[in-house]
Structures are given as structure tokens and as C-alpha cells.
Amino acid sequence: MTGLETRSVSRDSLFLLASVRVEQESEQHRVRVRNLSDGGMMGEGTMRVQRGNRVEVELRNIGKIDGSVAWVQDQRFGIAFDEEVDSQQARKPSGEAIGEVSVSTTPSYAHRAPPPPESTTLRKV
């Protein structure tokens with residue numbers, strides 16, 4: 001390892017529990033959150049997910065966040081959130097959440113490509 005940070009988004013290493021539900025399934029699974037950033041998280045648990053699965057994650061002090069499974073390796077998996085969150089809120093004790101809104105309205109492009117440009121703004125070359 002070179003010690004050079006190659007990630008585009010900083011993340012916090014922590015240990016907390018979250019509930020994850022795979023889209024179109026009613027069962028919620030408890031997973032360990034190994035690290036968390038504003039754009040996604042790494043979880044660990046016995047639930048079976050595949051890359052591309054749509055999921056709903058419920059995090060302490062943040063609430064429910066929609067996202068998709070970006071990668072899977074053994075019992076660990078990465079989830080890219082659809083919208084950025086304030087990941088620092090999850091570190092606070094349960095009663096200390098500040099404000100009611102913790103999910104931003106700005107889409108997170110940290111783990112996926114931005115939307116294509118409007119056809120009206122393109123020019124012929």
C-alpha cells in the first residue's frame with residue numbers, strides 16, 4: 001500500500017447496526033455497518049444480496065435511505081445511496097439528532113455516473 005487515498009469520497013470507519021430491506025421483500029435484515037460516507041456504506045451480514053439489488057437502509061438518526069448494491073464479497077457488500085446523507089448524524093447518540101432533515105435533496109454522484117445531458121443542449125460537430 002502506498003498510503004495514497006484513491007477514494008473520491010471520505011468515509012468514517014465505525015461499528016453500528018442498520019436495518020436493510022431488499023426491494024420487493026418484506027423481511028428486514030440487521031447488518032453491521034463497517035464504514036459510512038455521505039454517498040454510501042459498507043455492510044456486513046448473512047443476508048443474500050447481489051450487485052444491482054435495490055435496497056432500503058435504515059440508519060440511526062438518519063432514517064430510511066434508498067440505494068443500490070454496488071459490490072458484494074463474501075458477507076460484505078457496498079451500498080451506494082441515491083441521495084447524500086449527513087453521515088456524522090449516525091455517530092451521535094440516538095437522542096442527539098439535530099434537526100429533522102438529514103437526507104439532502106442533491107443526488108449523490110459519488111458512486112455512479114451523472115445523468116446524460118439534455119438533447120437540446122448538444123451541438124453537432
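**Salt bridges and a nonpolar core**

Let's start with one pair of side chains: Glu-44 and Arg-34 form a salt bridge, with N and O 2.6 Å apart. Glu-44 belongs to strand S3 (residues 40-44) and Arg-34 to strand S2, so this pair ties together parts that lie 10 residues apart in sequence. Keep in mind as you look around that this is a predicted model.

How exposed are these two partners? Glu-44 has a relative accessible area of 12%, so it counts as buried, since the cut-off for that is under 20%. Arg-34, at 27% relative accessibility, is partly exposed.

Glu-44 has another partner as well. It forms a salt bridge with Arg-76, where the closest N and O atoms are 3.4 Å apart. Because Glu-44 sits in strand S3 and Arg-76 in strand S6, this pair ties together parts that are 32 residues apart in sequence. Arg-76 is partly exposed, at 34% relative accessibility. If you now add Arg-32, you have a network of salt bridges that links Arg-32, Arg-34, Glu-44 and Arg-76.

The structure holds five salt bridges. One of them joins Arg-21 and Glu-56, whose closest N and O atoms are 3.7 Å apart. This pair links distant parts of the chain, as Arg-21 is in strand S1 and Glu-56 is in strand S4, 35 residues away. Arg-21 is partly exposed at 22% relative accessibility, whereas Glu-56 is buried at 17%.

Now step back to the whole protein. Which elements make up its secondary structure? There are eight strands and zero helices, so along the sequence you read β-β-β-β-β-β-β-β. Of the 125 residues, 34% count as buried. The accessible surface comes to about 8800 Å², and carbon and sulfur atoms account for 46% of that. Among contacts between residues at least 6 apart in sequence, 50% join residues at least 24 apart.

Next, look at the largest nonpolar core, which has 21 residues. Met-41, Val-57, Leu-59, Ile-79 and Phe-81 are the members that touch the most other members. Strands S1 (12-22), S2 (29-36), S4 (54-59), S5 (63-73) and S6 (76-81) each give two or more residues to this core. Which strand gives the most? That is S1, with four residues.

Leu-59 is a good place to end the tour. Leaving aside residues up to four places away in sequence, Leu-59 touches Leu-16, Ala-18, Val-33, Leu-36, Ile-65 and Phe-81.

Notes
Residues numbered from 1 in each chain as written. Predicted model: local features only at pLDDT ≥ 70, side-chain atom pairs only at ≥ 80, totals over all residues. Heavy atoms only, no water. Buried < 20%, exposed > 50% of the residue type's maximum accessible area, 1.4 Å probe, protein only. Contact = heavy atoms within 4.5 Å. Areas by Shrake-Rupley, 256 points an atom, 1.4 Å probe, with all protein chains shown as cover. Core = buried A, V, L, I, M, F, W, Y, C linked by side-chain atoms within 4.5 Å. Salt bridge = Lys/Arg side-chain N within 4 Å of Asp/Glu carboxyl O.
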